[in-house]
Each structure stands twice: as C-alpha cells, then as structure tokens.
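Q: Please pick out one part of this model and go through it closely, together with whatever surrounds it. I would like a careful, connected account with the cut-offs behind each term.

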Amino acid sequence: MTTDVVDTVADKPADIVTDAAAELEDADPADVLRWAADTFGQRFCLTASMADTVLLHLASRVTPDVDVVFLDTGYHFPETLQTRDEAAAAYGLRIVTARPDLSVEDQAVLHGPDLFARDPDLCCAIRKVAPLDQALAPYHAWGSGLRRDEALTRRNVPVVGWDAGRGKVKLNPLARWTQDDVDRYAERHSVVVHPLRALGYPSIGCAPCTRPVAPGEDPRAGRWAGSAKTECGIHR
Ligand code: SF4
C-alpha cells in the first residue's frame, strides 16, 4: 500500500492530493494524522516549532511512531528548547533536530553580525528554509500545526495540500481549529505548554525576531515586528 501510494505521489501528485483534500477537509485532526500514517508510513513526518505542543500530543495518541522534525536555528529562546525536551519526554515521540550548515558564529563571519536585523529573508533562508529542505528530503509527506485563524495570510491553509516547491504532500491537521479549540484541547489533556505563552507570546519563533503582543493585537504581530516580513518562507 505505502509503496504504491509513494509511487502515485511521485507520478500523479494532483490525484492523491485532490482526493484526500476532499475526503479530509472536515475530518477530525486525529483522522488526518491516521490517514497520513496509513498512507505514507515512515515517509510521513511532522514539524514542530514548540510554540504549542497540541499537535504532538495528538500524534502521540494516534501516530506515535511519526518522526517530529524540529528546526534548531541557533536563535531560539531557551524556553523553546526546554519545551522540545519536555514534550519529547512526556509524549515519547522521536524528535529529529535539524540545524543549519552555518553556526551563528560562522554566519556572522560570512555575512556580518546580526543578519536578522539587516536581511531577515537571507537569515531565514540560511537558518530555516535550507535546513528544513534537507530534513524533509527523506519524506513524501509532512505535517505542520498551521491554522487558518492564526493570520489573514493563513486563512486559506488547506488540510491537505501539495508543497510544490518540495514535491511533497503537505498536511495541516489543525487548519480548521481555532485558538479556543487548541486551548480547550491543551487544558483537557494537560499538554506541555511553552512558558512564554503566559507572558504574552502567542506566536514564538527566534528570540531576536519575536516580541510579546498586547491584548487584542494580531497574534503574529510580534514576529518580525516593525518590518513587512510576515513569514519565514518554510510554508510556501
Ligand atoms: Fe534569522 Fe529571525 Fe529568521 Fe530566525 S526568524 S532565522 S533569527 S531572521
């Protein structure tokens, strides 16, 4: 089954994505994860920023063998790495930590210090996009925790889509969930919570490019605040 589907993905990606998108648009996130694991086996992985761990908790219940790719940019808050380690221990999931080829120090030598402040697109390309591309290479499908209610730019996020740039099926099992849905799930299941959530950080990326937001502010207003940049480029 899995081999056949992998061949289908390679030959006719539009067919499998179109069928699955129609079938799973209204599905429970757990069923989306089950479909991905049944269809792609170990060729399916999740990615996680650790801003919240709801998707990982769900995965631990229905797809406990899934790989979880975590992108360690070298610029994370210590609390993010702490959340990664706590979630791995609590949920028993296999975390695959991906790192850029360049250390923060080597990047400063090559491109000058604080590249994030002068050219965040290049910094993200080096520290996020390239290492994620490498980390996803072995997989035919990947999933993320993107939701439609996170930002206007994400309002059309599909539950099942095609990542044309990487040639992979892209799943967003929580696409239809709201922040309230996430909070309810987190409370009901006592999931591991990123400590900065309680300090006004609804969206958490690299420390130099993330600030807390005021009540009523857009949840992603704290990302690259003061610039026109809204996405790092890994969700394309
Ligand atoms: Fe660099 Fe900021 Fe992008 Fe992180 S979010 S990779 S620090 S520009």
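A: Strand S2 is largely enclosed by the rest of the structure, because five of its five residues are buried; buried here means under 20% relative accessible area, exposed over 50% and partly exposed in between, with a 1.4 Å probe and protein chains only. Strands (E, at least two residues) and helices (H or I, at least four) are DSSP runs numbered from the N terminus. The model is predicted, so local features need pLDDT of at least 70 and side-chain atom pairs count only at pLDDT 80 or more, while totals for chains, interfaces and linings use all residues. Residues are numbered from 1 along each chain as its sequence is written, and side-chain values use heavy atoms, with hydrogens and water left out.

In a regular strand the side chains alternate between the two faces of the sheet. In S2 both faces are covered, with Asp67, Val69 and Leu71 buried on one side and Val68 and Phe70 buried on the other.

S2 belongs to an open sheet of six strands in the order S3-S2-S1-S4-S6-S5, with mixed pairing; two strands pair if DSSP finds at least two bridges between them. Strand S3 (94–98) and strand S5 (160–163) stand at the edges, and each has a single partner strand, so one side of each is left without a neighbour in the sheet. From one strand to the next the twist averages 30°, where axes are lines fitted to C-alpha atoms, for helices over the stretch in contact, and angles run from 0 to 180 degrees between N-to-C directions. S1 and S2 run parallel and are joined by three bridges, and in S2 the bridge partner of Leu46 is Val68. Towards the other end of the strand order, S5 and S6 pair in the antiparallel sense over four bridges, and Val160 has Leu171 of S6 as its bridge partner. Helix H8 (residues 120–136) lies across S1, S2, S3, strand S4 (141–143) and S6, and runs at about 160° to S2.

The surroundings of S2 include the largest nonpolar core, which has 41 residues, and in it Phe44 and Leu171 touch the most other members; such a core is a set of buried Ala, Val, Leu, Ile, Met, Phe, Trp, Tyr and Cys residues joined through side-chain atoms within 4.5 Å. At least two residues of this core come from each of helix H2 (13–24), helix H3 (29–40), strand S1 (44–47), helix H4 (54–62), strand S2 (67–71), helix H5 (78–91), strand S6 (168–171) and helix H9 (179–189). H3 gives the most to this core, with six residues. Leaving aside neighbours within four places in sequence, Phe44 is in contact (heavy atoms within 4.5 Å) with residues that include Asp67 of the strand under discussion, as well as Val66, Leu33, Tyr139, Trp142 and Leu171. Apart from the largest core lies another core, of 21 residues, among them Tyr75, Ala98, Tyr139 and Trp142.

Phe70 of S2 also meets a charged residue of helix H5. Arg84 lies in H5 and, at 12% relative accessibility, counts as buried. Not counting residues up to four places away in sequence, Arg84 touches Met50, Phe70, Asp72, Ile95 and Thr97. Its side chain makes a polar contact of 3.0 Å with that of Asp85 and one of 3.4 Å with that of Thr97; a polar contact is a pair of N or O atoms within 3.5 Å, where within protein one must be able to donate a hydrogen and the other to accept it, and where residues adjacent in sequence count only if both atoms are side-chain atoms.

Met50, another of the residues that Arg84 touches, is found in the loop between S1 and H4. Met50 has a positive phi of about 75° although it is not a glycine, and it is buried, with a relative accessible area of 0%.

H9, which also supplies residues to the largest core, has Val182, Tyr185 and Ala186 as its buried residues. These cover an arc of only 100° around the axis, which puts them on the same side of H9; the arc is that of the directions from the helix axis to the C-beta atoms. On the other side of H9, Glu187 and Arg188 are exposed, while what covers the buried residues of H9 includes H4. H9 is followed by Ser190, whose phi is positive, near 50°, and Ser190 counts as exposed at 62% relative accessibility.
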